[in-house]
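Hi everyone, thanks for coming. I'd like to walk you through a protein model today, so have a look at it first and then we'll go through it piece by piece.

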Amino acid sequence: MQHLLDSLNRDEADKMALDALYPDKQEWQALLNQFISHVDEKELLELETTLAGDTVTYCHSELNKPVCELTELEKTFSSVNIPEFPVKTGTYVQYLREDILNHVIPVSSPAFVGHMTSALPTHLPALGKILTALNQNLVKLETSHVLTALERQVLGMMHKLIYNRDDDFYQQWLHNGDHALATFCSGGTLANLTAMWACRNQLMPAKGDFAGIAREGLARGLIHYGYSGLAILVSELGHYSLKKTVDVLGLGQDALVKVDTDKDGRICIDALRAQLQNLHQRNIKPMAIVGIAGTTETGAIDPLNVLADIAEQEQCHFHVDAAWGGASLLSERYRHLFKGIERADTVTIDAHKQMYVPMGSGMVLFRQPALADAIAQHANYIVRKGSKDLGRHTLEGSRSAMSLMLHSNFHLLGRRGLGHLIDAGIDKAKQFADLIRQQEDFELISEPQLCLLTYRYVPRAVLQKLREEAEPVRQKLNEALNALNQNIQTMQWAAGKTFVSRTCLHPVQWSRQPTIVFRVVLANPLTTPEILENMLEEQRRLAQQSPYWQVLQDLCPIDLKRQHNNKCANSL
């Protein structure tokens, strides 16, 4: 009885405290209702129906209107005052529609072919809603439970896709809490960092009176092991995340050694050997050689088997950055391009590229599960020793259950279905390359190895002068072309009909001169040849509207009538 009275007294005290804190009971109840699903079900249903309809509308809208200037949008988002009181749901939905959703970039549009973001399977928005509602946290078993087992299964599937070990291997390691086959993270940047973090720690373990680099730091480690420094070697087309990696790991940005590439964008083996020799002469230890399986700019794939041989000779870590191309391992037709990836100590793959899941789903995979021990962390209140908490081997702490998105695609699309999507993207890139070659005023810069390619606008007369004239004239023409192509891409983006990205390459065929190019990613299965033909035609029109067109004309007069007739003839 006394216990009941004490409880009632506490309840009354709590009520009085709340009354003092929230004298407006109606306002407090309104706040509580935001967390109670069965309250005002009619309004909740209307909200869900409205937002669901908006999701379909805006996710599947076309690029068919000019892009609003960012400076104009910034005016809408200039207030830094948090609203004092809640606004009505309908008011906020209207605000969402007019000021936010109306200006989002429709990356699912088949005419948006400039970046990795693409259309998603229709089941994922509904699954995303479930994940948001469940609000699971994969750092800790107590906040994820079944999804911990599911994530380990998905990572096991990815490990087998790359390394293809036998069933006994996965029976032993798949759900082993002390080790990890792989870890999920938000993207390729953190995946590369995690791989190099594990590599660095394994390179300088505890030995003698040295407690290990994780305990004593890089400076003490270098002294103990007798190195003047450490280095990571990668081609000049390596992703900029590696520059962040050497910075964060305390190696210094000079520790990232860039190696020349050949005409196809692949790392030059002779140049790599020369760089290694130079490091040895300076007593700098090659910590890792990084092979790229699909460069971000052109999709080039390094000779992975050769790099694996060199890494073995150097007794250094071999990492493959397959953030872009790794999904192509699902293709039976193109899997051979990645021969040697199974020899990598670590591999980075992004599922949000061509595995068709939403942004924020990267992975780093370990050939040997014990490698993850080099970065294992523990805390008394979470990720305890001996637990199966996934946060023990991840750089990130709290994480959502993005693995469920990939799990759903594996089951609802299947390996064959995903493989067909990969094949279609690469085939489409090859067809588009053929179309570009047929044009009198476009030049293919990089041949597609995956679903990426680059090209630029350059009239035939200008192209001829670039090949024949003296260096000073070629330099001026190249500068004018760069300005023109950059302006075409900017105008095309602003017009909002089609979209390609741009980058600056140093093509071997043009004596490594800086060259502004259009970059196309053909991952969206809904993109048609007609869309690509119209995109070229739009770029052609925009070129002649550009203020840099006259600059080019002054350097090299162009017969537009002849050019137009040739273009029409080639399109027949």
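So, the protein has 22 helices and 11 strands. Keep in mind that this is a predicted model. How confident is the predictor? The mean pLDDT of the protein is 89, and 86% of the residues reach 70 or more.

The start of the chain is another story. Over residues 1-9, pLDDT stays under 50, and the model has zero contacts there beyond four places in sequence. Where pLDDT is low, the predicted coordinates should not be read in detail. I'll leave that stretch alone, then.

Now some overall figures. The protein has 572 residues, and 47% of them are buried. If you take the contacts with a separation of 6 or more, 70% come from residues 24 or more positions apart. As for the outside, the accessible surface comes to about 28,700 Å², with carbon and sulfur atoms making up 54% of that.

Let's zoom in on a helix. Which residues of H14, running over 304-314, are buried? They are Leu304, Leu307, Ala308, Ile310, Ala311 and Glu314. Looking down the axis of H14, these buried residues fall within an arc of 165 degrees, so they line one face of the helix. And what do they pack against? Their partners are helix H13 (269-281), strand S4 (284-292) and strand S5 (317-321). Over on the other side of H14, Glu312 and Gln313 are exposed.

Right after H14 comes glutamine 315, and its phi is positive, near 55 degrees. For anyone new to this, most residues other than glycine have a negative phi. I found two more residues to show you on that theme.

One is histidine 145, with phi near 50 degrees. You'll find histidine 145 in the loop between H6 and H7. Is it buried or exposed? Histidine 145 has a relative accessible area of 60%, so it counts as exposed.

The other is asparagine 164, whose phi is also positive, near 50 degrees. Asparagine 164 sits in the loop between H7 and helix H8 (167-173). Its relative accessibility is 53%, and because the cut-off for exposed is over 50%, asparagine 164 counts as exposed.

For contrast, here's a loop residue on the inside. Serine 118 lies between helix H5 (89-100) and helix H6 (124-134). Why do we call serine 118 buried? Because its relative accessibility is 12%, and buried means under 20%. What does serine 118 touch? Leaving out residues up to four places away in sequence, serine 118 is in contact with Val107, Ser108, Tyr356, Ala523 and Asn524.

Last topic: empty space inside. Rolling a probe the size of a water molecule over the atoms shows where empty space is left. How many cavities of 30 Å³ or more turn up? The count is one. The largest cavity holds about 100 Å³ of space. It is lined by 14 residues, and the closest to its centre are Arg152, Leu155, Ala180, Ala182 and Leu390.

Which elements build that lining? Helix H7 (146-163) and strand S1 (182-185) each supply at least two residues. The largest share, four residues, comes from H7.

That's my tour. Any questions, just shout!

Note on methods. Residues are numbered from 1 along each chain as its sequence is written. This is a predicted model: local features need pLDDT of at least 70, side-chain atom pairs count only at pLDDT 80 or more; totals for chains, interfaces and linings use all residues. Side-chain values use heavy atoms; hydrogens and water are left out. pLDDT is the predictor's confidence in each residue, from 0 to 100. Contact means heavy atoms within 4.5 Å. Buried means under 20% relative accessible area, exposed over 50%, partly exposed in between (1.4 Å probe, protein chains only). Accessible areas come from the Shrake-Rupley method with a 1.4 Å probe; for residues, only the protein chains shown count as cover. The arc is that of the directions from the helix axis to the C-beta atoms. On a 1 Å grid over the protein atoms alone, a cavity is a set of points where a 1.4 Å probe fits but cannot get out, and a pocket is an open set with protein on both sides within 12 Å along at least five of seven lines; lining residues have an atom within 4 Å of a point. Grid points are joined across faces, edges and corners, and a volume is the space filled by probe spheres set on the points.
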